[in-house]
Amino acid sequence: MAAAPGAGLHARLVEALGRLIVEGSLPQGEPIVPEDLGRRFSASRTVVREALRVLESKGLVAARPRVGTWPQPPERWDAIDPDVIAWRVAGPDGPKHLGDLFELRGLVEPQAARLAARHRVPEELSAMAAAYGLMADAVERDDAAAFAQADPLFHAALVRAAGNSLFAQLQVPVLAAVRAVPEPPAETLLAHSRVLTKVLAKDADGAEQAASRLLETLAQYR
């Protein structure tokens with residue numbers, strides 16, 4: 001199906017405005033004037049309005065009748081929205097936000113590995129194994145790009161394999177952290193293998209320890 005007219009501009013406008021808000025270029029103390037945005041980005045009123053609605057759903061702006069649309073402070077942003085995470089990582093506080101994401105991984109992934117070894121969700125274990133196979137193949141072919149594509153699949157499946165719906169939602173920030181700092185293929189493949197082996201062996205303690213060691217290995221390359 002062909003994209004609707006203006007669909008590309010809409011996405012670009014959401015991206016541009018999101019980055020401007022995160023960077024502080026659209027200050028919290030000043031209202032957003034849709035007409036000004038339309039002129040600035042050569043966009044129609046409809047495209048601007050829809051873009052602002054998307055940003056409102058992510059908590060970056062708030063619109064009120066007769067008050068207007070205003071940028072919101074970081075504490076109101078949707079912290080696990082993938083776009084918001086990407087904008088923050090690319091923003092002025094990117095290094096700190098990456099550190100926060102890595103700390104979150106340290107809390108989530110070892111526990112996810114422990115639960116995965118206990119709960120044994122078949123489809124997610126299969127997804128982990130398949131992703132690991134792609135990673136191993138990429139290392140054998142010395143294809144860093146292919147490894148970078150397969151690696152997030154492994155970590156997402158690990159979090160889902162915990163069998164906990166709340167944990168599953170945390171795959172979004174985990175994946176953002178994985179993609180933001182690509183993992184060295186050959187150096188981390190064995191550590192990934194240990195996580196998978198312990199999970200498949202139903203060794204909860206071993207799986208948790210293996211996931212922690214994997215993150216310790218990754219910390220050397222941040």
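Two residues are in contact when heavy atoms of theirs lie within 4.5 Å of each other. With that in mind, T69 touches P31, I32, L52, V61, A62 and A63, leaving aside residues up to four places away in sequence. The model in which these contacts are found is a predicted one. T69 lies in strand β2, which covers residues 68–71. Its relative accessible area is 12%. Since buried means under 20%, T69 counts as buried.

The protein as a whole can now be set around this strand. It contains eleven helices and two strands. Read from the N terminus, the order of elements is α-α-α-β-β-α-α-α-α-α-α-α-α. The C-alpha trace spans about 60 × 35 × 30 Å along its principal axes. Of the 222 residues, 43% are buried. The accessible surface comes to about 11,700 Å², and carbon and sulfur atoms account for 54% of that surface. The protein has 25 positive and 28 negative charges, and the mean positions of the two sets are 5 Å apart. Among contacts between residues at least 6 apart in sequence, 69% join residues at least 24 apart.

One such pairing of distant parts of the chain can be followed at A207. This residue is placed in helix α11, residues 204–219. The C-alpha atoms of A207 and A117 are separated by 6.8 Å, although the two residues are 90 apart along the chain. Beyond residues up to four places away in sequence, A207 touches A113, R114, A117, K198 and V199. Is A207 buried or exposed? It is buried, with a relative accessible area of 0%.

Helix α3 shows how burial is arranged along a single element. The helix takes in residues 45–57, 13 residues in total. From its first C-alpha to its last it reaches 18 Å, close to the 18 Å expected at 1.5 Å a residue. Its buried residues are V47, V48, A51, L52 and L55. Why do these residues line one face of the helix? Seen down the axis of α3, the buried residues fall within an arc of 130°, so they line one face. The general geometry of helices is relevant here: an α-helix has 3.6 residues a turn, so residues three or four places apart point the same way. The face of α3 turned away from the buried side carries the exposed residues R45 and S57. L52, one of the buried residues of α3, is also among the residues that T69 of strand β2 touches.

The backbone on either side of α3 has features to note. Just after the helix, G59 takes a positive phi of about 85°. Before the helix, S42 is found in the loop between α2 (34–41) and α3. Most residues other than glycine have a negative phi. S42 has a phi near 55°, a positive value in a residue other than glycine. S42 is exposed, with a relative accessible area of 63%.

A further case lies later in the chain. Where is D142 found? It is in the loop between α6 (122–140) and α7 (144–161). Phi of D142 is near 55°, again positive in a residue other than glycine. D142 is exposed, and its relative accessible area is 70%.

How values were computed: Residues are numbered from 1 along each chain as its sequence is written. This is a predicted model: local features need pLDDT of at least 70, side-chain atom pairs count only at pLDDT 80 or more; totals for chains, interfaces and linings use all residues. Side-chain values use heavy atoms; hydrogens and water are left out. Helices (H or I, at least four residues) and strands (E, at least two) are DSSP runs, numbered from the N terminus. Buried means under 20% relative accessible area, exposed over 50%, partly exposed in between (1.4 Å probe, protein chains only). Accessible areas come from the Shrake-Rupley method with a 1.4 Å probe; for residues, only the protein chains shown count as cover. Lys and Arg count as positive and Asp and Glu as negative; His and the chain ends are not counted. The place of a charge is taken as NZ of Lys, CZ of Arg, CG of Asp or CD of Glu. The expected span of a helix is 1.5 Å times one less than its number of residues. The arc is that of the directions from the helix axis to the C-beta atoms.
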